[in-house]
Amino acid sequence: MLENPSIATGGVVGPKRLNVDDALRIIDIRSKKHVDADDAVRKDLLDGLRSSPPIIPTYILYDAKGLQLFDAITRLECYYPFECEVSILTKYAKDLAASLPDNSTVVELGCGSLNKTRLLLYALESLRKRTSYYALDLSSSELKKAINGLDHGLRYVSVVGLHGTYDDGRKWLARTRSKSSGPLVVLWLGSSIGNLSRDEASSFLAQFVKESLVPGDMFVIGIDRRNDPDIVWKAYNDDLGITRQFILNGLDHANRHLNQVLRLEDWEYEGVYHKHEGYHEAFYSARRDVDLRGIIGNDSGYLPAGTRIRVEQSWKYSPHETASLFDRCDLYPVRRWTDAGGMYDLHLVHVPPFNFAVSENDPTHVPSLDSWQELWKSWDLVSEYMLGDDMLQEKPIPVRNECAFYRGHVPAFLDIKLTEAITKLSPLEPAYFHTIFARGIDPDLDDPSQVHWHSETPQAWPSPDAVMKYKWDVRDRIMQIYSRSTLTRLGWRAIWMGFEHEAMHLETLLYMLLQSVTTVSPPVPPAVAFSIGGPPSRFPDTTTIELRDIELGIMDFEDQDDIVEPITAHEYGWDNEKPIRVAAVSGKLEVSRKLITNADYLAYLRQIGSQRIPKSWGGTVAHPKVKTFFEAIPFDMSDEAGPAQWPVVASFNDLQVYAEWKGHGWRIPSEVELRSIYDCFARDASTGNGRYDITHANVAFKFWHPTSLSPEVEIAGPGHMGVWEWTSTVLARHDGFVPGRLYPEYTADFFDGKHNVVLGGSWCTHPRLCARRSFRNWYQRAYEFAFVGGRLVRDTV
Ligand code: AVI
């Protein structure tokens, strides 16, 4: 457990009123105690002054007077980040409090005066959420003042001070945390993250996640956006000169540690906003030549007039930069609250149970063993935790197999391909698993007696323990193969195929499980509306694009599969992605910004008087709900980011009829048109031809449901709204198509004229699949279960 405050906040004891002494409890967690702190500051100062270019550490700004001056800054109208954050907390504190788990421990980094935090604490109190709140700060006197300033009507929320630095806080948490502690929420307000460079910020968060957090823990972080450069500059260069005083006071503070060698009149404050890089920089600028050789030595001690010493950077983030910051630190977004002007965001992010890091979406070689480990975590969570043993005989989708089949199919398929590709290997025991788990049932929906070859369902499925042992044996086999460094290209192909096959089945299993009431909810925050507040999107409902001939496909010749090579040597694609070919298109296409939403589809059903709701909904047309893994959620038309604004998941046939009902030439795009749309808006120019930028997309389990389109996105690209997209293109043999040697029936069995090509990716698609530009999926046009939606386009003249 975390070191416990003396107040009882949970369990059978029940809430107890705080008394003043309890409330003033402050734990000294400093690793460097007072005695040597002075020396450490002096050393930091001298090291900084000697470095090139010279710097003074930012923390020097925050002595007692600095804290007061900063408080004065927060009252300036031009210092908008403070006001924006207050407005968000004032409006949404209850919503934030409701998003935090009960019995959580909230640790605030750099709590300051607690003026803003109190809004959250009282919201938690009013919701009766038992919370242990720890306020971390550098100054114990300010901590005392701040905690003392809280009105002590808190019964459900306990308050304890932590005296120390961020690093002390991180280490203290790592030390005191035990498995039985409730979820941890780290609160980091005031755009303090901006005082670290982008790299420092991501390393800081990543280290926190690695050392002190576990899956399910959360961060609440206030981040300032890249706003109008003039407005940002003004925020740090106010007419009253308060910021100037604040910065220059830092020099005075530094002087106290440097035996007053600096002459304050030699220095002036200078603020510069670097608009391309997105950060403001505060300098001490030398008014005249300054001689510091006496303290920092001859090499760098003579500072000519105009020399700048940097003391602070304030970094701003575009939505894209924020998304990649979180990606880099293995943090997944839960919610985002924005002020009415769209200048500032409060982000709630969590540590996911597994992480398909976007950096691993490189499709040019076989997945790393780390990627496998994450995939296995996801497979175990879905196939063993969400799909419990009590569901093994269930068939959530009547025309498909029983759940038990999928647990065995994934490892058996991998072992089948490994033994086919690597001559030395023979099937793992029990070898008959290759027969009963080889292939699932996927019948023709128009005539379910028409099925491709599939494994016969045995009289009784092997026991869950036997299947689990088999799964781990196959995984061991993979790990042994990875311990060698080379293999034939065919061998790597088998591994690569097995990986993508498992990733695809993860998704298949999930859309099956969504149809069952027995499914267990995943252990993640049930966020249903991601983006809250902020101004409406500035993008119009449709955009017109010019169509030009495009190249499709990927370079991967199977005739060289006997070559022995390292894991990273080759690029792979499924048979239907090959060969590279050019598709001729021209003309102009008007493209809808969003996919067809649940609200759009409901309006249509009501208008035509239909009572037939999609399989992705529950309830009735009068009272529809959207199915999720947490609960079925009623439509709320006033919620701009809620399920009514998610894309509707329905069959191609149903969406085609919707498009006809819409009229005016609206239709579902062809494969080449949709590929052209994605190329226009999501192609990642920095990585050559083959990839899409999916940092903004709702893929790879960032959420466990579809989402509305982010207001910052102009056109929904691959996976942006968390579902695949139907195309009007029928899956058919194209020129140059050759069935794959290792899995010839993969695509060829589906050239029956009943399947349409599907592109993009869903909330549960692995990044390797949806970021690879050549990847193609397909479903029968009547299939209603897969996470596929659609958008409208029309020709323009
Ligand atoms: C605390 N920190 C986030 C403030 C900022 O915006 O960088 C400090 C500040 N410096 C000048 N004005 C405010």
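**Ligand shell and nonpolar core, question by question**

Me: What makes up the shell around the ligand, by class?
Reply: This is a predicted model, and its ligand shell has six nonpolar, six polar and one charged residues.

Me: Which residues are closest to the ligand, and how many surround it?
Reply: The ligand is surrounded by 13 residues, with Y79, N195, Y236, E312 and S314 the closest.

Me: Why is the pair between the ligand and the side chain of Y79 called a polar contact?
Reply: The cut-off is a pair of N or O atoms within 3.5 Å. An oxygen atom of the ligand is 2.5 Å from an N or O atom in the Y79 side chain, so the pair qualifies.

Me: What about E312 and S314?
Reply: For E312, a ligand nitrogen atom is 2.8 Å from a side-chain N or O atom, and for S314 a ligand oxygen atom is 2.6 Å from one. Both sit within 3.5 Å, so both are polar contacts too.

Me: How much of the ligand does the protein bury?
Reply: Taken alone, the ligand exposes 340 Å², and the protein buries 96% of that.

Me: Which helices and strands supply at least two shell residues each?
Reply: Those are helix 3 (64-74), helix 10 (242-257) and strand 11 (308-315).

Me: Now the protein interior. Why is the set with W372 and F701 called a nonpolar core?
Reply: The name needs buried residues of the nonpolar kinds, joined through side-chain atoms within 4.5 Å. The largest such set has 127 residues, and W372 and F701 are among those with the most contacts inside it. Helix 17 (residues 489-513) gives the largest share, 15 residues. At least three residues come from each of domain 2 (369-513) and domain 3 (540-796).

Note on methods:
Residues numbered from 1 in each chain as written. Predicted model: local features only at pLDDT ≥ 70, side-chain atom pairs only at ≥ 80, totals over all residues. Heavy atoms only, no water. Near = heavy atom within 4 Å. Polar contact = N/O pair within 3.5 Å; in protein donor to acceptor, adjacent residues only side chain to side chain. Areas by Shrake-Rupley, 256 points an atom, 1.4 Å probe, with all protein chains shown as cover. Helix = DSSP H or I, 4+ residues; strand = E, 2+ residues; numbered from the N terminus. Nonpolar A, V, L, I, M, F, W, Y, C, P; charged D, E, K, R; others polar. Buried < 20%, exposed > 50% of the residue type's maximum accessible area, 1.4 Å probe, protein only. Domains from an automatic or database assignment.
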